[in-house]
Amino acid sequence: MTEMFILIPGRTSDQGCGISEGKFQEKYQKQITSLQVAPGDMERLALAEGDWVRLTTEFGQQVEVAVTAAKKDELPEGLLFIAYGDISSRLMGGDTHGSGMPTSKGIDVELEVLRSETA
Amino acid sequence: MASVGSVEPGARSELTVVEDAVCTFCGCVCDDIDLTVENNHITQAQRACVLGKAWFLNHAIDDRPSCLIDGQPAGLEDGYQRAAEILTGGKYPIVYGLSDSPCEAQRVAVSIVDWIDGTIDTTTSVCHGPSGMAFQGVGEVTCTLGEVANRGDFIMFWGSNPAESHPRHFTKYSLMPKGMFVPNGRKDRTCVIVDVRKTKSAKAADIFLQIKPRKDFEALWTLRALAKGIELDARQVESETGIELSVWQDLMDRMKAAKFGVIFFGMGLTMTRGKHANSEALLALTRDLNAYTRFTAKPNRGHGNVTGADNVVAWRTGYPFGVNHNRGYPRFNPGEYTTSDTLARGEADCGMMIACDPMANFSQPAREHLASIPYIALDSKETPTTRAATVAFTVATYGINAPGTVYRMDDVPIPLRPAFKSPHPSDFEVLSNIETRVKAIRGVRS
């Protein structure tokens, strides 16, 4: 089952603190490898905490990532959130459209539910 | 710095307090932090936010070697020489980063680029670079954070989440301070937050507007039209922005009624489709509102001295980022000379990454190309970029171990007050030594 979403990578406090603790430490790694999904979308897709999904962009970049439910009301249905880091960067295209800035927020992604089979 | 004496008589343990130390984690550059330092370790950081505490308390002296060449410990002199040979040996050398280095080091980095006819770019190009382009197109009606604290009675945040990225923004500068013309602090201010999701900052807002994703440009032009009194189709406005026209009209009425309005904007604008056009729309709206009242706009800057990088590179070359010297004089062209592009297109053939982590933050094509070319990395911590570098320097942390000057997000320069010395060289020392060797290779007399 696949469905289109809009991915919004961004900052979180724990990600910021994790940078100072060290990028190879647990806090930072946990933040950048957890995909937040709106509770309504979690329910509709029958996703549980820690289930895995595959995200694919229109340019073919692909990642597999574990999901966590976003706090109530923080994320509208249809949007996904992940802290800036390796995963979000892998989904950026190389083209900056003459601006120097790759499109790093508001990325169209196709979400495919993998559940815990790749965990 | 005040020494308050030994904690254990007879031991070599000494407790010192550094008053009014400067936190360089984010662009707020809070300069009122009191640090308690014991045995080269900061044990307390009074008044620091959660990010500041993590910054200060986790920067003990790193016991890695000061220099690694091809992953092996090496002497600093060997590292400087190898770095100079790499930079002078390429046809398209790039120097990138600089947003977590003091201005003095940034100045030397620009000099090196000038000697090697290279390209210099800063992390601005992947944060507020589009805003830098918009400043050139529209101009910037600006102010200091001190003016915001003392005058601002209408504070808007657009595509910015300071509760998580700049935790003291509200309390120190923009919402809570009791100022000269806002004596009741928060009660005298209206706070509006516009975002595509209900961030943690939304709790601080009097009015929160959740617009449709990738519709910032349309929303800003709706406000521009309303500022000019142009009639709009209510159904189209709601369909495009996700917000009713009457809500936008109410917001515009409040903006015009403000005595001193400020719009802080973040990467929700610059990283989203539209990029510099989004920033231009916001800056133009700010300009338009000055026909009715005083209004200003400020980008919320992320890294501690990314604003300094803009200032120093502009002072040295005439342009703020993405500057190429290949013809012997500076040329500015975002999209051509910006690092994300020169790497993703496979153009750069050597480089130097200063206080930045493109191996974690750049697109996959850019990362793959960087991994394939010789490059130098300077960082106080181990990162994916230092791990893959040909020459990696562990440097003293600016503001904690190394002195210098940084620019707050409102372009106010602030001198650093380091807490204790590091055995590792500073960015300034490493870059100065590399510059000396680059000049020797190029036959330039010092």
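This report describes a predicted model with chains A and B, from the contact between them down to a single residue.

**Where the chains meet**

The two chains touch. On one side, 37 residues of chain A take part; on the other, 46 residues of chain B. Four elements of chain A each supply at least two residues to this side: strand S1 (2–10), helix H1 (13–21), strand S5 (79–83) and helix H4 (86–90). H1(A) gives the most, with five residues. By class, the side of chain A that touches chain B holds 11 nonpolar, 18 polar and eight charged residues.

**How chain B is divided**

Chain B has a domain 1 (2–57), a domain 2 (67–127 + 304–400 + 407–412 + 423–442) and a domain 3 (130–299). Domain 2 of chain B is thus written as four stretches of sequence, 67–127, 304–400, 407–412 and 423–442. The C-alpha centres of domain 2 and domain 3 of chain B are 34 Å apart. The two domains are in contact: 10 residues of domain 2 of chain B meet seven residues of domain 3 of chain B. The domain 2 side of this contact has six nonpolar, one polar and three charged residues.

**A parallel sheet in chain B**

Chain B contains an open sheet of five strands. Their order is S11-S10-S9-S12-S13, and the pairing is parallel. Strand S11 (207–210) and strand S13 (294–299) of chain B are the edges, and each pairs on one side only. On average, neighbouring strands are turned by 15 degrees against each other, direction ignored.

Helix H12 (residues 276–289) of chain B packs on this sheet. H12(B) touches S9, strand S12 (260–265) and S13 of chain B. The direction of H12(B) makes about 160 degrees with that of S13(B).

Three of the strand pairings can be set out with their bridges and one facing pair of residues for each.

| Strands (chain B) | Bridges | A facing pair |
|---|---|---|
| S9 (residues 154–158) and S10 (residues 190–195) | five bridges | B:Trp158 and B:Val194 |
| S9 and S12 | five bridges | B:Ile155 and B:Val262 |
| S12 and S13 | six bridges | B:Gly261 and B:Phe295 |

S12(B) pairs with S9(B) and also with S13(B). How much of S12(B) is covered? Six of its six residues are buried. Both faces of S12(B) are covered. On one side are B:Phe260, B:Val262 and B:Phe264; on the other are B:Gly261, B:Ile263 and B:Phe265. Two of these residues also appear in the table: B:Val262 stands opposite B:Ile155, and B:Gly261 has B:Phe295 as its bridge partner.

**One residue up close: B:Leu87**

B:Leu87 lies in helix H2 (residues 76–89) of chain B. Is B:Leu87 buried or exposed? B:Leu87 counts as buried because 27 other C-beta atoms lie within 10 Å, and the cut-off for buried is 20 or more.

Which residues does B:Leu87 touch, leaving aside those up to four places away in sequence? The partners are B:Pro93, B:Ile112, B:Ile116, B:Cys350, B:Met352 and B:Val438. B:His303 is a different case: 216 residues separate B:Leu87 and B:His303 along the chain, and their C-alpha atoms are separated by 26 Å.

Definitions and conventions
Residues numbered from 1 in each chain as written. Chains lettered and ligands numbered in written order. Predicted model: local features only at pLDDT ≥ 70, side-chain atom pairs only at ≥ 80, totals over all residues. Buried ≥ 20, exposed ≤ 12 C-beta atoms within 10 Å, placed from the backbone. Nonpolar A, V, L, I, M, F, W, Y, C, P; charged D, E, K, R; others polar. Domains from an automatic or database assignment. Pairing = 2+ DSSP bridges. Axes fitted to C-alpha atoms, helices over the stretch in contact; angles between N-to-C directions.
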